[in-house]
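Got your viewer open? Let's take a walk through this protein, one selection at a time.

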Amino acid sequence: MNAPAPMASAPHTRTAPQDYADVWYRRQIPAPAPARPALRGTIDTDICIIGGGLAGLTAAHELARAGRRVVLVDQHRVGWGASGRNGGFVSPGYAQGFDKIAARVGEPAAIELHKMSIEGMEIVAGNIRDLGITEAHPQPGIFGMVRYDAGKALAQRRDWLLRTFGYEVEHLDRAGLSRHVTSPVYHQALHDANAFHFDPLAYARGLARAAESLGAQVFEATPATTIEREGAGRIVRTPEGRINAQHVVVTTGGYTTGLVPAMARAFLPIATYVMVTRADPDLIARAIHTTSAIGDDRRAGDYYRLVEGGKRILWGGKITTRTTEPRHLGRLLHRTMTSTYPQLAGLEIEMVWSGLMSYARHLMPQIGQVEPGLWHATAFGGHGMNTTTIGGRVIAEAILGQSERWRRFTPFGLDWTGGLIGMAAVQLTYWKLQAEDYWRERKG
Ligand SMILES: Cc1cc2nc3c(=O)[nH]c(=O)nc-3n(C[C@H](O)[C@H](O)[C@H](O)COP(=O)(O)OP(=O)(O)OC[C@H]3O[C@@H](n4cnc5c(N)ncnc54)[C@H](O)[C@@H]3O)c2cc1C
């Protein structure tokens, strides 16, 4: 056996293990929800997965289902990161738009990638059903609404989706929309009845349990501190343990640090925000009369949906390049909500939280190998529920020798993001998009 060669020993900023943040979904977990124990001692395994978000959990589940020995570690808890804090929208597509993807890889490859994004959504729906994760409460339907007169553009998109993917969505004009929302700002919408919204933390926790029932070992409060090479395999070290694995999969999302330097250089951590209102079902019913979720097509978008059977609204939006005090962002989200639905002016905020997303410069997932046997699946941006899932599946297929589908993501590699200059550029781009939204909506 070769002497262990340090592979990635760059300093990893370690934080003390934390319980779930106070997010709406945390409050839905029937107490108590004890953490899994931290890893102590040495384990030999086929695959070690670092990061218990949906990317890591999906890979763990798929690999355990195929009979492989899997160990997953999270520095805090499974679903502690973006996967347990997000808006809960599950729909096809990527953070990057189809046209830009096609410009980079050509239209046929872009079509294949889009089909995979649909598959990601279908895997989530299938897992909820087949694994009995009923506490995720999936609700069908997502509207994509526009705040300006899009002319024929939405109807043309509907036709293109049907022609290209056999994917049906419904087009609604202003009169059709008024059956679902009472708002002065919307002009048209597409309604996607295949897409759905759900409790993402319940799903993440359910998926972890399902992987464990298939033999996977899941450790919480267990940060991976270094990855070292040993022969054809690797050693992952944690504060009190060591994992000897043939393959290592790093799925640390927006919480990535210096563990794998090539990953740390290639992503931007972007904070985004969600608020949940106080309960006032009668007032809310005067504004929103649909159980479908609503995504605003603003380029610096807002998205929202009813929770708790219509008693409250969960509203998400805004991005910053550092975690700003959520209360302040809550007030901004509240302002957007009341400019969309003036009748909700008296509806107060119950809670606000933030989470970190991981973005690459090309806005596409980064799925592949840093070197043989060391895999990464990250940078799912604000469109992670379906994309983490297909990402986890294609990495599992690669490790199992079943497919090379992960190579479809190779054109979107671990590009350097530009460090601090990249962060400033993101914030400036966001402000520019907000300004463009403003002028587009003023024109009607
Ligand atoms: C507020 C918010 C709203 C969003 N809304 C939506 C939405 O409605 N629909 C949608 O599709 N997407 C949405 N997204 C995006 C989506 O949540 C993410 O793209 C997706 O969850 C990323 O999953 P992940 O597995 O890559 O990372 P995460 O879920 O962030 O998981 C990474 C995990 O890695 C762990 N970790 C990090 N470093 C280490 C280490 N060294 N050792 C061990 N563990 C480590 C962390 O503790 C964390 O649990 C939203 C994101 C946010 C923040």
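A good warm-up is the hairpin in which 2 residues link strand 10 to strand 11. Before you zoom in, keep in mind that this is a predicted model.

**Stop 1: strands 9, 10 and 11**

Select residues 233-238, which make up strand 10. Show the side chains and you'll see them alternate: Arg234, Val236 and Thr238 point to one face and are buried, while Gly233, Ile235 and Arg237 point to the other face and are not.

Now add strand 11, residues 241-250. It runs antiparallel to strand 10, and 5 bridges join the two. Look for Arg237, which stands opposite Arg242 in strand 11.

On to strand 9, residues 226-230. This strand is also antiparallel to strand 10, with 5 bridges between them. One pair to click on is Ile227 and its bridge partner in strand 10, Val236. Strands 9 and 10 form a hairpin too, with 2 residues between them, and Gly231 in that turn has a positive phi of about 60 degrees.

**Stop 2: Val248 and the core**

Click on Val248. Leaving out residues up to four places away in sequence, Val248 touches Cys48, Ile50, Ile227, Arg234, Val236, Gly373, Leu374 and Trp375. You just met Ile227 and Val236 as bridge partners.

Which residues touch the most other members of the largest nonpolar core? They are Ala60, Val70, Ala211, Val248 and Ile395, out of 119 residues in that core. The largest share of the core, 8 residues, comes from helix 7. As a general point, nonpolar side chains in soluble globular proteins tend to be buried together.

**Stop 3: helix 7**

Let's follow that lead and select helix 7, residues 200-213. Try putting a distance between its end C-alpha atoms: they are 20 Å apart, which agrees with the 20 Å that 14 residues should span at 1.5 Å a residue.

Is helix 7 mostly covered or mostly open? Mostly covered, as 11 of its 14 residues are buried. Among them are Pro200, Leu201, Tyr203, Arg205 and Ala211. To see what they pack against, show helix 1 (24-27), helix 2, strand 3 (70-73), helix 4, strand 8 (217-219) and helix 11. Just after helix 7, look for Gly215, with a positive phi of about 110 degrees.

**Stop 4: helix 4**

Next, select residues 107-130 for helix 4. This helix has 24 residues and reaches 34 Å from its first C-alpha to its last, close to the 34 Å expected at 1.5 Å a residue. Its buried residues include Ala110, Leu113, His114, Ser117, Met121, Val124 and Ile128. Here's a handy rule while you look at them: an α-helix has 3.6 residues a turn, so residues three or four places apart point the same way.

What do the buried residues of helix 4 pack against? Color strand 4 (89-90), helix 3 (98-105), helix 5 (153-165), strand 7 (188-197), helix 7 and helix 11 to find out. Right after helix 4 comes Gly132, where phi is positive at about 65 degrees.

**Stop 5: Met385**

Click on Met385, which sits in helix 11. Met385 counts as buried because it has 25 C-beta neighbours inside 10 Å, and the cut-off is 20 or more. Not counting residues up to four places away in sequence, it touches Leu54, Phe89, Val90, Val124 and Pro200. Val124 is one of the buried residues of helix 4, and Pro200 is one of those of helix 7. Now pick Gly88: it is 297 residues from Met385 along the chain, yet their C-alpha atoms are separated by 7.6 Å.

**Stop 6: two unusual alanines**

Select Ala221, in the loop between strand 8 and strand 9. Its phi is positive, about 50 degrees, although Ala221 is not a glycine. Then jump to Ala379, in the loop between strand 18 (374-378) and helix 11. Ala379 isn't a glycine either, and has a positive phi of about 65 degrees. With 33 C-beta neighbours inside 10 Å, Ala379 counts as buried.

**Last stop: the ligand**

Finally, select the ligand and the 42 residues that surround it. The closest are Gly53, Gly81, Gly253, Gly355 and Gly384. How does this shell divide into nonpolar, polar and charged residues? There are 15 nonpolar, 25 polar and 2 charged. Helix 2 (54-65), strand 12 (268-277), strand 16 (349-359) and helix 11 (384-399) each supply at least two residues of the shell.

Notes. Residues are numbered from 1 along each chain as its sequence is written. This is a predicted model: local features need pLDDT of at least 70, side-chain atom pairs count only at pLDDT 80 or more; totals for chains, interfaces and linings use all residues. A residue is near a molecule or strand if its C-beta atom, placed from the backbone, lies within 6 Å of it. Helices (H or I, at least four residues) and strands (E, at least two) are DSSP runs, numbered from the N terminus. Ala, Val, Leu, Ile, Met, Phe, Trp, Tyr, Cys and Pro count as nonpolar, Asp, Glu, Lys and Arg as charged, and the others, Gly among them, as polar. The expected span of a helix is 1.5 Å times one less than its number of residues. A residue is buried if 20 or more other C-beta atoms lie within 10 Å of its own, exposed if 12 or fewer, and partly exposed in between; C-beta atoms are placed from the backbone. Two residues are in contact if their C-beta atoms, placed from the backbone, lie within 7 Å. A nonpolar core is a set of buried Ala, Val, Leu, Ile, Met, Phe, Trp, Tyr and Cys residues joined through C-beta atoms within 7 Å. Two strands pair if DSSP finds at least two bridges between them.
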